[in-house]
Amino acid sequence: MTTEFIKGLEGVIVAESMNSFIDGKEGILIYKGYNIFDLAEHGTFEEIAYLFFYRQLPTQAQLRAFKAMLAKERSIPKLVRDTVKALPKGTHPMAALRTGTSMLASYDEEADDTTHDANVRKAVRLTAKLNALTGVVARAREGKGPVPADPKLSLAGNLLLGITGKRPTKRAVRIMDVALILHADHGMNASTFSSRVTCATLSDIYSAVTSGIGTLKGSLHGGANERVMASLMTIAKPEDAAQWVADRLAAKERIMGFGHRVYKTFDPRAVILKKFSEDLGKETGDNRWFDTSVNVEKAVMEQKGLYPNVDFYSASTYYGMGIPIPMYTPIFAASRVVGWSAHVIEQHDDNRLMRPRAIYVGPKDLKWVPVKERT
């Protein structure tokens with residue numbers, strides 16, 4: 001048994017998985033054997049979700065049936081909606097989403113069934129319900145009730161409708177569809193690992209996904225996209241970006257959206273989102289956010305040698321679609337629920353409790369001192 005301490009578990013192999021493959025040196029991301037560029041160009045989020053759950057791309061008939069299942073499972077119980085709305089003002093949307101997701105388990109008769117088929121059925125339910133719940137959370141922040149789903153819209157379309165309250169354009173739906181595809185899974189990242197640790201105890205998929213949401217909330221994981229946009233908004237104009245970067249680095253501050261534990265080159269997801277950010281700037285006539293982002297990217301590369309990751313260009317892309325900044329990370333969760341669920345299915349199919357060890361670095365020879373004699 002090894003006693004080597006590896007901080008942050010960097011490079012430690014904790015599981016075998018068929019869900020996604022990352023080549024950090026070459027900037028390659030593969031889902032179930034398919035390159036992310038191929039999926040982003042040709043696929044829909046529903047097809048990718050089907051691929052993760054059933055381990056093959058659907059036929060036309062299978063896709064129609066799958067979409068029908070998703071539409072059937074969208075409803076959010078009234079008590080869950082009311083609870084989300086009753087949370088204190090200022091509650092972070094990810095905290096609200098975490099609470100609502102945990103509550104959903106109580107309404108699922110199969111919640112504690114960890115068999116393969118039951119997990120797949122629950123994965124479908126969770127994908128549909130987190131999509132709808134994200135809209136509930138967004139509207140509750142504004143003191144409004146949820147917007148009814150449109151059966152003619154995809155998951156991406158209904159997500160935008162639920163968040164903004166406005167019927168999205170075809171272009172916006174396609175951009176969101178691709179964004180959901182890009183965020184669906186990404187190896188053994190922090191939230192996926194926490195989901196697998198949770199379900200490895202033979203806890204249920206709802207508990208595992210709730211763990212994933214709680215982990216994704218952090219600013220070093222999913223929450224980074226919010227901080228990226230907040231940073232961009234402090235830069236008065238694109239020409240100021242280089243000096244802004246220099247000032248941040250001089251102050252030894254972290255610049256969010258750059259660097260990655262795995263990628264040592266351009267994150268392929270960032271490549272795709274960068275193009276969307278540029279297109280949205282042209283379509284809206286407001287190039288400020290894209291131009292500022294490009295200048296920040298250039299400055300960070302020159303001064304620090306770091307590449308942008310998926311969070312960097314997702315920020316300006318979402319902003320260009322009129323999505324409130326606090327809702328960026330819940331959108332991430334509404335996509336990543338597919339990956340979390342697929343990993344739960346894998347874990348339960350061949351389970352072993354995860355029980356790592358820690359190296360004790362504290363004292364070993366202390367003697368008990370009666371309470372009256374302690375100083």
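Helices (H or I, at least four residues) and strands (E, at least two) are DSSP runs, numbered here from the N terminus. By that count, the protein chain has 16 helices and three strands. The model is a predicted one.

**Overall fold**

The radius of gyration of the protein chain is 22 Å, close to the 21 Å that the globule rule gives for 375 residues, so the chain is as compact as a globular protein of that length. Its C-alpha trace spans about 70 × 55 × 45 Å along the principal axes. Buried residues make up 50% of the 375 residues. Among contacts with a separation of 6 or more, 75% join residues 24 or more positions apart. The chain exposes about 18,700 Å², and carbon and sulfur atoms supply 54% of that area.

**Two pockets**

Rolling a probe the size of a water molecule over the atoms shows where empty space is left. The table sets out the two pockets by volume and lining class.

| Pocket | Volume | Nonpolar lining | Polar lining | Charged lining |
|---|---|---|---|---|
| Largest pocket | about 1,400 Å³ | 18 residues | 16 residues | seven residues |
| Second largest pocket | about 1,100 Å³ | 16 residues | six residues | 12 residues |

The largest pocket has a volume of about 1,400 Å³. It is lined by 41 residues, and the closest to its centre are Met188, Asn189, Ala190, Arg261 and Val262. Four elements each supply at least two residues of this lining: strand 1 (20–23), helix 9 (190–199), helix 15 (310–320) and helix 16 (328–349).

The second largest pocket has 34 lining residues. Val12, Ile13, Val14, Arg355 and Pro356 lie nearest its centre. Helix 9 and helix 16 are the elements that give two or more residues to this lining. Helix 16 gives the most, with three residues.

**Arginine 196**

Which helix holds arginine 196? Arginine 196 lies in helix 9. Is this residue buried or exposed? Buried means under 20% relative accessible area. Arginine 196 has 3% relative accessibility, so this residue counts as buried.

Which residues does arginine 196 touch, leaving out those up to four places away in sequence? The partners are Ala15, Glu16, Ser17, Met188, His343, Glu346, Gln347 and Met354. One of them, Met188, is also among the residues closest to the centre of the largest pocket. His343, Glu346 and Gln347 fall within the span of helix 16 (328–349).

Key. Residues are numbered from 1 along each chain as its sequence is written. This is a predicted model: local features need pLDDT of at least 70, side-chain atom pairs count only at pLDDT 80 or more; totals for chains, interfaces and linings use all residues. Side-chain values use heavy atoms; hydrogens and water are left out. On a 1 Å grid over the protein atoms alone, a cavity is a set of points where a 1.4 Å probe fits but cannot get out, and a pocket is an open set with protein on both sides within 12 Å along at least five of seven lines; lining residues have an atom within 4 Å of a point. Grid points are joined across faces, edges and corners, and a volume is the space filled by probe spheres set on the points. Ala, Val, Leu, Ile, Met, Phe, Trp, Tyr, Cys and Pro count as nonpolar, Asp, Glu, Lys and Arg as charged, and the others, Gly among them, as polar. Buried means under 20% relative accessible area, exposed over 50%, partly exposed in between (1.4 Å probe, protein chains only). Contact means heavy atoms within 4.5 Å. The radius of gyration is taken over C-alpha atoms; the globule rule is 2.2 Å times the number of residues to the power 0.38. Accessible areas come from the Shrake-Rupley method with a 1.4 Å probe; for residues, only the protein chains shown count as cover.
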